[in-house]
Each structure stands twice: as C-alpha cells, then as structure tokens.
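Welcome, and please open your viewer. We will go from stop to stop, and at each one you will hear what to select and what to look for.

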Amino acid sequence: MKSDWDVIIAGGGPAGVFAAIRCADAARNPNLRVLLIEKASQTLGKVLISGGRRCNVTHACFEPAQLVTYYPRGGMELRGAFSRFQPKDTVEWFDARGVKLKTESDGRMFPVTDDANTIAECLRESAREAGVRVEVRTSLLGVEKRLADGFRLEVQHEAKRFIIHTKKLLIATGSDRKTLETIQSLGHTIIEPVPSLFTFNVKDKRIHDLAGVSVENVTLNMGAISTRGALLITHWGLSGPAVLRLSAWGARELFEKKYRAKLIVNWLDDYSFDKVLEILGRNKDWKENSRKKISTNPAFSQIPVRLWKQLVHFIGEKNWGDVSKAELRKLASELTAGEFEIQGKGQFKEEFVTCGGVSLKEVDFKTMQSRLVDGLHFAGEVLDIDGITGGFNFQSSWTTGWIAGNALAE
Ligand SMILES: Cc1cc2nc3c(=O)[nH]c(=O)nc-3n(C[C@H](O)[C@H](O)[C@H](O)COP(=O)(O)OP(=O)(O)OC[C@H]3O[C@@H](n4cnc5c(N)ncnc54)[C@H](O)[C@@H]3O)c2cc1C
C-alpha cells in the first residue's frame with residue numbers, strides 16, 4: 001500500500017463506498033488517488049444483511065420537506081442536503097447502473113431482484129470502475145492533523161501497523177465506538193450513541209399468549225411522544241411500525257429511563273373515549289345483541305377476537321345486555337387509553353441503528369466538512385443522524401456520502 005494519498009475514506013459501509021465512488025467520478029484530476037479502508041474482511045457488510053437480506057435501499061418520498069419528518073435526529077440539517085441528493089437521485093443512480101428499484105405499498109423501495117447482493121455488487125463494481133483502491137482488513141487506529149499537509153493516519157492491516165498520509169480524510173465508520181473516540185480527540189463533540197429502532201418488552205395479561213396477533217392502526221403515547229401505525233404482539237411484548245417509530249423518537253428518553261416507561265395504547269387509532277362509549281352503548285342497547293356474550297362478540301372489527309377477549313376479561317362472561325354503564329366506561333377507557341408498562345428493550349433484527357455520534361453543529365452540510373478541522377469530512381451513521389425504519393437510514397448515507405464525495409473531489 002502506498003503511503004501518500006489525496007483522499008482516504010475510512011469505513012466501507014454504504015456512506016463510505018458511495019462517497020468514494022462519487023469522489024473518484026467527480027474528480028477533475030484523473031490521477032486523484034482515492035483509498036478506502038475497511039476493517040472487516042469485506043465492504044458493505046450491513047447492506048448484505050439489510051431489510052431481511054432484500055435491502056430497503058430508500059423510501060418513495062420525493063419531497064425533501066416531507067422526507068425530513070422521518071428523521072428523529074438530523075432532519076433539520078438534512079433539509080438542504082436532500083435538495084442536492086434525495087431518493088429520486090438514488091433511484092436514478094442505481095437505474096443508470098442497471099439496477100431497478102421497486103416500491104412496496106408502504107413506500108419502501110427494494111431492488112427488483114429482492115436480493116441485497118444486487119446492491120452490494122453494483123456499488124463494488126462502480127467503485128472498481130471509478131478507480132477507487134479498496135483495502136479490507138484495514139483499520140483506522142488514529143488521526144493526527146498536520147498543519148501544512150493534511151493528515152497522518154495510523155492504520156493496521158491484519159497484524160501490521162503503519163503510517164499513511166492523506167490530504168483529505170472522510171470518516172464513515174458508522175457507530176464504531178473506538179473511531180468516535182478518535183474523532184473526539186480531534187476536538188469534536190460526540191453525542192453519546194444509544195440504540196434506536198427496537199421493540200418493547202411488555203409482560204401483561206392482556207397480551208399474554210397472543211404472539212402474532214396484530215392491529216392495523218393504533219395510536220401510542222409515551223409522555224409527549226405519539227406515533228400511529230400497525231402494532232404486532234410478540235412473545236416478549238410489542239413490535240410493529242408504531243412501536244419502532246416510538247422507539248426512534250423516544251430513543252434517548254427511553255435510554256435515560258433504562259427502558260422503563262408508561263405506554264398508552266389506543267387500540268382504535270384516533271377514536272375518542274366519547275365516540276367509543278357511544279358505540280359500546282349502541283351495542284348494549286341493540287336487541288339482537290342483548291343475549292350475546294360480550295367476550296365473543298366484539299364491537300369493533302378492527303380488534304381481533306382473541307385480543308378483544310383479553311381486553312374485556314375484567315367484565316367476565318356477561319351478555320351485552322347485562323353490562324353496566326360503569327363497565328362500559330371502563331372498557332372505553334381500556335380501548336382508547338390502555339396503560340401498559342414498558343419493562344425493557346428488545347431488538348429489531350430487520351433494521352437497527354444508533355442515534356448519537358458527531359454533533360451536527362460542528363459539520364457544514366454543504367460539504368460534510370468539519371467546521372473545526374479543515375479537510376476532515378463525515379458521512380453516514382457516524383453523525384448524530386438517524387431515521388425511522390423504511391429505507392431512511394440508507395438514504396441519509398447516500399445523501400451525506402454523495403455530498404462528501406463531491407467536496408473531496410475538489
Ligand atoms: C440488520 C440491519 C438491517 C438494516 N436494514 C436497513 C434497511 O433495510 N434500510 C435502511 O435504510 N437501513 C437499514 N439498516 C441501517 C443501515 O444499515 C445503516 O444506517 C447504514 O449501514 C449506515 O451506513 P454507514 O456507512 O454510515 O455505516 P456502516 O454500514 O456501519 O459502515 C461502517 C463501516 O466502517 C467500518 N469501520 C468501522 N470502524 C472502522 C475503522 N476504525 N477503520 C476502518 N473501517 C471501520 C465497519 O466495519 C463498517 O463496514 C439496517 C441495519 C442493520 C443492523
């Protein structure tokens with residue numbers, strides 16, 4: 001490996017590889033020397049396992065102002081960045097290289113092959129074609145800023161340590177803790193990394209033995225945070241889009257509370273207490289219903305019978321006609337504001353990200369350059385940016401990688 005480079009990119013994830021390709025492609029100087037170092041034995045490890053190995057590349061949301069609302073952290077800073085490179089550009093970028101993406105009904109976009117290898121191979125091939133030198137099993141250990149001529153890097157390749165120099169450096173090492181310490185040693189503020197996108201552990205008799213049961217539209221509230229969407233009951237508690245969204249927006253608060261908090265569930269989307277009470281009253285007054293058991297005759301088709309049975313358990317085996325007004329009020333409250341205790345954090349294996357990282361105040365989003373250290377750039381999850389599930393996390397890597405690549409090419 002040569003010891004002098006124009007550009008070194010540390011981290012061969014989507015952000016680093018995308019930046020490397022863009023940098024090499026956009027360089028006016030055809031002899032620009034671009035090196036990408038990756039500590040694992042191959043690049044794009046997370047891409048290969050992403051989206052259930054199908055790779056949810058991006059989201060079919062082409063309006064930057066709306067797109068930013070899917071980022072619990074970084075939305076404001078990404079607003080301008082998305083006007084330069086957004087999901088439409090991602091689709092076109094892959095299309096130009098022969099990779100077609102398709103959109104699922106919920107807006108998530110995948111390669112038509114449904115195979116993450118298609119994305120990884122396209123990126124690797126594009127890097128080869130652009131002339132990016134890739135060194136795997138090579139870790140960045142330390143960085144020293146040289147006043148006159150860029151950076152002096154300490155690097156380890158397999159068991160060997162050595163020093164290399166570069167004029168410009170992009171750090172795209174994801175949530176790697178050691179590298180965050182290195183970045184801190186250069187004067188940057190690191191917002192403590194904590195997990196985002198996880199399921200909730202909830203032990204409660206109302207959802208006991210109901211693993212696999214789902215409700216299409218619920219509203220969840222945790223303090224001031226509110227999310228809507230589908231909810232899935234699991235062996236350990238609650239999952240599904242509404243829960244994952246809440247875990248992302250409440251990531252830091254939940255971390256601080258050691259993953260113990262009160263969760264309020266409206267099983268009927270945004271139905272109010274009064275509206276539900278009225279519907280329950282009508283069910284009680286309905287003659288045909290009066291001799292039917294409340295436990296096996298739900299008043300709402302949205303709620304699966306097995307779940308309904310457990311939610312009305314406190315009423316016992318009464319018929320609709322025999323239920324008291326007080327019981328109906330209690331049931332309306334149970335259905336629109338059921339209280340549950342989050343007792344811990346599960347894992348969402350399909351997608352898992354970290355919030356926290358390099359403080360965004362210290363980065364110029366027009367170039368992804370550090371405001372503190374000239375020639376130092378950042379892209380991807382190393383920054384304090386994270387999105388909800390749905391392809392938004394890769395999109396922020398493509399966007400920040402693209403912008404950094406352009407700046408590194410200059
Ligand atoms: C199981 C799983 C599934 C996911 N599915 C999706 C999905 O479908 N859609 C979506 O949008 N998001 C998904 N995500 C999130 C997405 O993978 C991340 O947001 C994205 O990979 C971040 O890209 P990155 O390049 O910034 O970091 P990473 O992908 O983490 O890449 C960083 C790279 O840097 C390397 N590295 C670390 N330290 C060093 C060092 N010191 N020297 C050299 N190299 C180093 C690492 O080995 C790694 O290869 C998923 C995440 C997981 C864990």
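Which strands do the buried residues of α7 pack against? Keep that question in mind while you set up the view; what you have loaded is a predicted model.

**Stop 1: helix α7**

Select residues 177-185, which make up helix α7. Now colour Thr-179, Leu-180 and Ile-183, the buried residues of this helix. Turn the view until you look down the axis of α7: the buried residues fall within an arc of 105°, so they line one face of the helix. To answer the opening question, show β7 (138-145), β9 (160-171), β10 (190-196) and β18 (353-358), the strands that the buried residues of α7 pack against.

Next, pick a second colour for Arg-177, Glu-181, Gln-184 and Ser-185. These are exposed residues, carried on the face of α7 turned away from its buried side. Before you leave, click on Gly-187, just after α7, where phi is positive at about 105°.

**Stop 2: around the ligand**

Show the ligand and the residues that surround it, 37 in number. The closest are Gly-11, Gly-13, Gly-51, Gly-174 and Gly-380. If you colour by element, look for α1 (14-26), α2 (45-53), β7 and α13 (392-409), the elements that give two or more residues to this shell. Which element gives the largest share of the shell? That is α2, with five residues. Colouring by residue character splits the shell into 14 nonpolar, 16 polar and seven charged residues.

While you are at α2, select Arg-53, which has its place in this helix. Most residues other than glycine have a negative phi. Arg-53 has a positive one, near 65°. Is Arg-53 buried, partly exposed or exposed? It is partly exposed, because 13 other C-beta atoms lie within 10 Å.

**Stop 3: another positive phi**

Move on to Met-368, in the loop between β19 (363-364) and β20 (369-370). This residue is not a glycine, yet its phi is positive, about 60°. Met-368 is buried, because it has 28 other C-beta atoms within 10 Å.

**Stop 4: two domains**

Zoom out and colour the chain by domain. Domain 1 takes in 4-195 + 352-409, and domain 2 takes in 198-347. How far apart are the centres of domain 1 and domain 2? Taken over C-alpha atoms, 41 Å separate them. Where the domains touch, eight residues of domain 1 are in contact with ten residues of domain 2. On the domain 1 side, the touching residues divide into six nonpolar, one polar and one charged.

**Stop 5: a seven-stranded sheet**

Now select the strands β16-β15-β12-β13-β14-β11-β17, named in their order across an open sheet with antiparallel pairing. At the edges stand β16 (338-342) and β17 (344-345), each with a single partner strand, so one side of each is left without a neighbour in the sheet.

Zoom in on β12 (residues 214-222) and β13 (residues 225-233), antiparallel strands joined by seven bridges. Select Ser-214 and you will find its bridge partner in β13, Leu-232. The two strands form a hairpin with two residues between them, and Gly-223 in the turn has a positive phi of about 55°.

Which strand comes after β13 through a hairpin of three residues? It is β14, residues 237-239, which runs antiparallel to β13 and is joined to it by two bridges. Go back to Leu-232: its bridge partner in β14 is Ser-239.

On the way to β15 (residues 261-266), look for the three bridges that join this strand to β12, again antiparallel. Asn-221 stands opposite Ile-264 in β15.

**Last stop: Ala-211**

Finish in the loop between β11 (200-201) and β12, where Ala-211 has its place. Ala-211 is partly exposed, because 13 other C-beta atoms lie within 10 Å. Which residues does Ala-211 touch, leaving out those up to four places away in sequence? They are Ile-233, Thr-234 and His-235. To end, set a distance between the C-alpha atoms of Ala-211 and Leu-197: these residues are 14 apart along the chain, and the atoms are separated by 20 Å.

Conventions. Residues numbered from 1 in each chain as written. Predicted model: local features only at pLDDT ≥ 70, side-chain atom pairs only at ≥ 80, totals over all residues. Buried ≥ 20, exposed ≤ 12 C-beta atoms within 10 Å, placed from the backbone. Helix = DSSP H or I, 4+ residues; strand = E, 2+ residues; numbered from the N terminus. Arc of directions from axis to C-beta. Contact = placed C-beta atoms within 7 Å. Pairing = 2+ DSSP bridges. Near = placed C-beta within 6 Å. Nonpolar A, V, L, I, M, F, W, Y, C, P; charged D, E, K, R; others polar. Domains from an automatic or database assignment.
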